[in-house]
Structures are given as C-alpha cells and as structure tokens.
Amino acid sequence: MTLSRDTVTAILAPLLVAVLLIGGWEVAVTVWRINPFILPPPSAIWRALGTDFDLLASSLGLTLAVTVSAFALAAVGGALLAILFVSARWVELALLPYAIVLQVTPVVAIAPLLIIWVKDPFTAMLVLAWIVAFFPVVSNATLGLRSTDHNLLNLFQLYGASRWQQLWLLRIPNALPYYLAGLKISGGLSLIGAVVAEFVAGSGGVASGLAYRILEAGYRLQIPRMFAALFLISSAGIVIYLLLSLISHLMLRRWHESAVAREN
Amino acid sequence: MRPVVRLAGIGKSYTTGTEALRGVDLDIAQGEFLSLVGPSGCGKSTILRLIAGLGEPTVGSIDWPTTTVDASGRPERSLGFVFQEPTLMPWATVAANVALPLTLKRQPRSAVRPLVLDALAMVGLADFADAYPRALSGGMKMRVSIARALVTRPRVLLMDEPFAALDEITRLKLNDDLLALWRDLGFTAVFVTHSVYESVYLSTRVVVMAPRPGRITADLTIAGPEVRDDVFRTSPTYNEECRRVSAALKEAMAA
Ligand SMILES: Nc1ncnc2c1ncn2[C@@H]1O[C@H](COP(=O)(O)OP(=O)(O)OP(=O)(O)O)[C@@H](O)[C@H]1O
Ligand SMILES: [Mg+2]
C-alpha cells in the first residue's frame, strides 16, 4: 500500500503539534520552575505511567468494560428502537419524549439516584453510560431509515415488496451511513458517560476505574498520576474514535460519497 | 381489439385540494408507443402513477381488460416504470439493481442472474454488471434504470420524462435504442415528455393535455415509417407531424 500525501500529512502534522506542545510544556515547567503540584512536567507524568502501570491498567480495563458494554447496548438498542419507531408511528410518538428527557437531563444529576437504586455498581455505571450514548444512535438511525428516496419506495411498492423487504433491502442500507455517523458520536459519549458515572460512584468508594484513580490521586496529591490517568482516558477516546471511523470507512467505501476515493 | 389499459372517467384530486385530473378517458392499445405531452402540472405524472397503481383515482376506473386477476382479485399488472431520475440504489451493484424486481418476487438466484445479464446486454451495459452506480455516467445510469424496468419483460413500460436530464447527444442515442427495444420486445410504451420533437420521433400516437384541471385536449395518430431514423427526422412527414402536435399543444396551453 502506498500512502498518499494527504495521509502522510494527516499523520505527521498532529504528531508535530504534539512534539511542540509536550516539548514546550517540559521547557516551560523547568524554566519558570512551576510547582509540580500544580503542573507536573511531561517527564514526571511518563514516569508515573510507568511505575503505576499495573494499577492504571486494571482501572483502564474497568472503565473500558463499562464503556464498551454501554456502547454495544446503545448500538444494538438504538438500531432496534429506530426500526420500531419507523415501523409504528405511535411507538415513536409514545417513546420519543422520554428519550429526549433522558437525553437532556444531565447524567451527573441522575447518577446519585441510580447508584442508590441499582445495587451493583457496574450495572449502575453501565446504565448511566448507556443513557448518554444511546440517543445519537436512535436519532441518526431514525433519520436514516426515514430519508429513503421517494421514488425507490414507489418502485418497491410497484413490485409488491413486503414490509420486511422494504425494511431490509431499502431502508436499512439507506440508513447505514447515518447509523455509522451516530455510532461515531456515541463511542466517545460512552466513554464520557462511563467516566462521569465513575466520578459519582467513585465518591462512594465502590469503583476503581480511571476516574476513581483521578479522584484518589487528587486527594493524595499524586498529581503526575492524575495526569497519567487523564492521558489514558484521552487515549482510549482517540482509539475508540479511530476504530469506529475505520469500521465506517470499510463498510461504506464502495458506494457512499463520504468514503469513496475521489478521482476528479 | 381490446386495449391493454383502459382509463374511464378518471378524476384525481390530491388532499391539498389540487384537482390534478378531470374526466380522463384513454384506451391504450396493445403494442403502441403513446406519448403524453402537455405543460407542466397538467397531470402527466399523475396518470402514469395511477396506471402503475401508485395511488387510486378519486373517480373513474382503470381496467386491464386483457389481463387475468391475481389471487387477491387485483389485475395482474405486468409493467415497468422508469422515473425521470435513474433512481438506483447506490449501495448495490448494477446487476443487483437490475435484479431488484426479481429479487422482490423471490425468484431463485440462479434464475435471476441470466435474466439480469440479458437485460443489461439489451441496453449495452453487459460489461458493467459489477460496477456501482456512482461509477456510471448519467446516460448509463438511465440505461440501468431501463434494464431494471425491462428485466421482468413487462407488457407495458411507463416512462416519466426519462431523458429530460440528459444532454442532446445522449438523448438521441437513447431514443434510438429505446425504439429498437420497443420493436424487438413488443411492449406497449407510455412515454411522458416535454419535447414535441421527441414525442413525434418516438410515437405512434401523441396525447396532448391541458392543465387546471388536467385533461386530454387532443389525441393524434402519428404518421411515420415502421423504422425511424435520421431519414425520418429530416422528412417532410416529421415536420408536418411536429407542426400538428405543436399547434395542439399551443391550443391546450391557451385553453
Ligand atoms: N403528491 C401530490 N400532492 C399534492 N398535489 C400534487 C401531488 N402530485 C402532484 N400534485 C399536483 O397535481 C398537479 C399535476 O401534477 P403532475 O405531477 O401530475 O404534473 P405533470 O404534468 O407531471 O407536471 P411536470 O411536467 O411538471 O412533471 C399539479 O398541480 C401538482 O401540483
Ligand atoms: Mg411530471
């Protein structure tokens, strides 16, 4: 495979920015003798990442477990709910207001309640992350299922297509790009939801994900470890995004404008 | 001879209150090439949609006197529809697009493939079966759309301004290819166009319509040779027929 100029730029340019930022940060902290309890130098964060690796890795594992489970439930549930919405208008009318209520209510505000109601902390965090993640999937998939070409629908009617055929051969393929765009948003939101849920649950001392490590390190003034945990969260977010972009690209590259290689 | 399709006293009002058609009587004869011409909004598309069974007339009846009824008592309409846009599924290959009518009728795959390749060969796209629509030009997409309509070998082919969005050269070529298919396959063609010249070149009969409410104002049989080509296009007969249709159209627009 040969890398195009665009690809090389897309990799090198952000890398250059990272080098400049981290280098500048290191230099600034040393030159201005900034208190490491306020802003530790990147080298200290790197060391913390090394020494606390086992602890941080197991916390990362927990956070990712919540994130991935919530995302999977949002992806499957969102798709099914969207199909239900377009199949029966009254279901959409009945349920959509509540989906919106869940979406607009800040998750931090519901979290303490849910942690009390749901005994198992993992389940509680899962539900919270799911609440944050599922709405973009539902709304995008519904839009995609609805925005089917009018004449193609006529054609299906003309040839006596069943509702099932119309859904499977027309509406679902048509909705795929919308759905995948929803998943990309929802992937990042699952992680955010998981971290927020942990912050709330963590203050009760029941969980030990990365957010809990940040709180804990904060109490103990282990500032480099805080940054190390933060670094892992961001990295996880970036990896999730890249993975979802890749999947989306692979699924759409043969036909959708967003993914095909342009030759003009 | 009994017509393939008979429209009797058709009226159609949309829920918006628009009276799209009033008192339309039309017998479509087996094997003819019928063009509908008329100003925008006179109900040409509405007539095609009603014939196709996409929507019911408000009053009047549409019969298929020579067809049997299916199990549910509806007439067995054997027809193909070509829209103004190619209306292809971008996620499916050309072959899968052409196969759609057969797929929807749950024909076995093994039976579908040869029919699809046959239909693609008829429109000159045998080599593009596995291409995706986005890789085709506008004219080629229209050919795919025609192949899809013909793959079931329908008795009636309905076309709603199929070539309106194409350039002159492509349109003339597609006109000739369509005529060749019509002669070979013997289907009945109902063709909507804005172009007087196109209608005269293609048709054995031109029906002129007027708007508000949509109605038929003239029904002209076109004199022309069996095989139409550039010789016909430059002949006095062609000129005379164009003049006749134009005059009828002018009258319809003044009415
Ligand atoms: N779905 C619809 N709902 C309401 N009114 C409609 C609908 N479809 C068509 N009409 C109206 O019915 C009339 C006839 O429309 P139709 O599309 O059949 O005309 P047409 O002759 O095909 O016009 P054009 O040449 O512009 O395609 C128009 O006044 C149009 O506004
Ligand atoms: Mg029209």
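Me: Helices are DSSP runs of H or I with at least four residues, numbered from the N terminus. In this predicted model, where does Leu221(A) lie?

Reply: Leu221(A) lies in the loop between helix 9, residues 210–219, and helix 10 of chain A. Helix 10 covers residues 223–252, and the chain as a whole has 10 helices and 0 strands, so that its elements, read from the N terminus, run α-α-α-α-α-α-α-α-α-α.

Me: What makes the phi of Leu221(A) worth a remark?

Reply: The phi of Leu221(A) is near 55 degrees, which is a positive value in a residue other than glycine. In chain B, Thr87(B) also has a phi near 55 degrees, again positive in a residue other than glycine, and Thr87(B) is placed in the loop between strand 5 (79–82) and helix 2 (94–104) of that chain.

Me: Why are helix 2 and helix 10 of chain A called roughly perpendicular?

Reply: Helix 2 of chain A, residues 42–51, packs against helix 10 at an angle of about 75 degrees, with the two axes 8 Å apart. Angles of 65 to 115 degrees count as roughly perpendicular, and the two helices are therefore roughly perpendicular to each other.

Me: Which residues make the contact between helix 2 and helix 10 of chain A, and how many of them are nonpolar, polar or charged?

Reply: From helix 2 come Ala44(A), Ile45(A), Ala48(A) and Leu49(A), which meet Pro224(A), Arg225(A), Phe227(A), Ala228(A), Phe231(A) and Leu232(A) of helix 10. By class, this contact has 9 nonpolar residues, no polar ones and 1 charged one; Arg counts as charged, and Arg225(A) is among the residues from helix 10.

Me: How do you know that ligand 1 has a polar contact with the side chain of Thr46(B)?

Reply: An oxygen atom of ligand 1 is 2.5 Å from an N or O atom in the side chain of Thr46(B), and a pair of N or O atoms within 3.5 Å is a polar contact. By that cut-off, the value of 3.2 Å between an oxygen atom of ligand 1 and a polar backbone atom of Cys42(B) also qualifies, as does the 3.5 Å between a nitrogen atom of the ligand and an N or O atom in the side chain of Tyr14(B). The protein covers 64% of the 630 Å² of accessible area that ligand 1 has on its own.

Me: What makes up the shell around ligand 1, by class?

Reply: The shell has 3 nonpolar, 8 polar and 2 charged residues, and its largest share, 3 residues, comes from helix 1 (residues 44–52) of chain B. Of the 13 residues around the ligand, Ser40(B), Gly41(B), Lys44(B), Ser45(B) and Thr46(B) come nearest.

Me: Why is the peptide bond from Arg212(B) to Pro213(B) singled out, and what is its omega?

Reply: That bond is cis, with omega near -10 degrees, and Pro213(B) lies in the loop between strand 8 (205–210) and strand 9 (215–221) of chain B.

Conventions
Residues numbered from 1 in each chain as written. Chains lettered and ligands numbered in written order. Predicted model: local features only at pLDDT ≥ 70, side-chain atom pairs only at ≥ 80, totals over all residues. Heavy atoms only, no water. Axes fitted to C-alpha atoms, helices over the stretch in contact; angles between N-to-C directions. Parallel < 35°, antiparallel > 145°, perpendicular 65-115°, else oblique. Contact = heavy atoms within 4.5 Å. Near = heavy atom within 4 Å. Polar contact = N/O pair within 3.5 Å; in protein donor to acceptor, adjacent residues only side chain to side chain. Areas by Shrake-Rupley, 256 points an atom, 1.4 Å probe, with all protein chains shown as cover.
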